[in-house]
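Reader: Hello! I am new to this structure and would love a close look at one part of it. Could you pick a single spot in the interior and then walk me outward from there?

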Amino acid sequence: MTESTAVENATTASGPDSYPSDSPPAGASGGWRELFSRRYAAAASILAGGVALYAMNLYFTAALMPSIVADIGGERYYAWVATGFLMAAVIASMLVSRLLDRLGAAGAYVLGFLVFGAGAVVNALSPSMAALILGRVVQGLGGGLVAGLGYAVIRSALPERLWTRAAGLVSAMWGVGTLVGPSLGGLFAQLGVWRGAYVLLLAAALVLAVLARRVLPGRSGAGHGGGRVPLPSLLLLTLAAAAFSVSSTVPGGWPTALCLLAGVALLVGFTAVERRGAVTVLPRQTYRAGNPLKWLYLTVAVLCAGVVTENFIPLFGQQLGGLSPLVAGFLGATTSAGWTAAQLFSVGIESVRGRALAIRTAPLVLVGGLLVYGLTQTGHASGPRVLLWAVALFGAGTGIGLAFPHLSVAAMRSSTDPVEGGKAAAAINTTQLIAFSVTSALAGTLVNLGGDTPVDSARYMTFGIAAITVLGLATAARTARGLGRRPRGA
């Protein structure tokens, strides 16, 4: 079915970058069948493929790292392989709307895929850990760009009746990446051909680049959304992410506390600069009094906080449940599996009231799943206990999946100006990356608080993350309240 007439009338995009307001083709329904029809399948594949390539790469390299270190050394720089990728992705995600305006959807995607592929080449040829880190930084720049474009280009590449389905598809790719990345990376590691893994990534990037060049819209020629790069905001946010990332790698005690305090101070500085700056990372309307967009981004950040538990659940599965590495990896992926499954249901919710209810319910379901997992932690867990963990984590993931498609679409519809709407959608990915960086560092610190007792580490980490997600009850309520409002132009 199509969206409600009232909402469509209130959110119809205008401007040269918006999808043409032609009449729907015969048989158009705004459902999955239309999204994957001959007319839209190629565009949908590019949007989803870019995010899947990025998400898969996160876990892909993690599975390969033991083999890489055994081959080229550099174990002391192990953590910086992930940190370099994440930091570069954060920077690139902030430039999505500007590159999109200057190059068009096709040009921006081609650039992103080619940069990602160049990083894969450096990784495949790396003779040392320093070269590998450099390749990961280059990959992060390309990956952050294509991941952000996955949300921002929906508005210009597809008609509005398909936005919710497309947002659900793009968001689900994070779950797909979590499921496919570890198994595929583990396969290459098992075969002893880790360099070949990056050749595969290069091939995928090149195929998607060619497809993007052929089917996505080019530059509109408007040139009104690029502008200057917000260097002060970009610098503060990058330094904040770096401080939080480093906090989990320094010795415990005052060095960790100092890094965390520095990160908080830099985030406060970022917010202050953004509120007063003429050129900003987030859409200007985010900082307007009464605008719900800020609550939307906070809700996205809180929901993403629940995902970072996946980084540690495989470890606890081995330590507390006696699971094999493969089975423990699948246990860690159950949150993303729940996220993906819930989205397949949630994208079918079309009424404003139904979408608002999904957003309000999401943090509650997420918190409940995390609490059940944390409360049932024990050493030498039995099979039924491990199964209960999987059910609880799957349930936590469904909370994220319930809300995410509607949050993405709400961002796109936050302005009748197509450039501001695209910028608002791209900022979803920036928010995700920042949330992953911050909460991953905090989770690492919480795990360290448990010392040598795995049960305590698991509980500290789970309850700490759950405490963060509780904040989503308030932010989601404010976000849901603004769904029915008429958007304003830039």
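Author: L132 counts as buried because its relative accessibility is 0%, where buried means under 20% relative accessible area, exposed over 50% and partly exposed in between, using a 1.4 Å probe and protein chains only. You will find L132 in helix α6, residues 129–152; helices (H or I, at least four residues) and strands (E, at least two) are DSSP runs, numbered from the N terminus. Setting aside residues up to four places away in sequence, L132 touches M65, I68, I72, V81, N123, S126 and W194, a contact being heavy atoms within 4.5 Å. G119 is 13 residues from L132 in sequence, and their C-alpha atoms are 8.9 Å apart in space.

A word on what you are viewing: this is a predicted model, in which local features need pLDDT of at least 70 and side-chain atom pairs count only at pLDDT 80 or more, while totals for chains, interfaces and linings use all residues. Residues are numbered from 1 along each chain as its sequence is written, and side-chain values use heavy atoms, with hydrogens and water left out.

The pLDDT, which is the predictor's confidence in each residue from 0 to 100, has a mean of 80 over the chain, with 86% of residues at 70 or more. Confidence is highest in helix α16 (residues 352–375), at a mean of 94, and lowest in helix α1 (residues 5–11), at 33. Across residues 1–23 the pLDDT is below 50, and this stretch has 47 contacts in the model beyond near neighbours in sequence. Where pLDDT is low, predicted coordinates should not be read in detail.

Now for the empty spaces. On a 1 Å grid over the protein atoms alone, a cavity is a set of points where a 1.4 Å probe fits but cannot get out, and a pocket is an open set with protein on both sides within 12 Å along at least five of seven lines; lining residues have an atom within 4 Å of a point. Points are joined across faces, edges and corners, and a volume is the space filled by probe spheres set on them.

The whole structure holds two cavities of 30 Å³ or more, and the largest has a volume of about 50 Å³. S93, M94, V96, S97, V281, K423, A426, A427 and T430 line this largest cavity. Helix α18 (418–449) is among the elements that each supply at least two of these residues, and α18 gives the most, with four.
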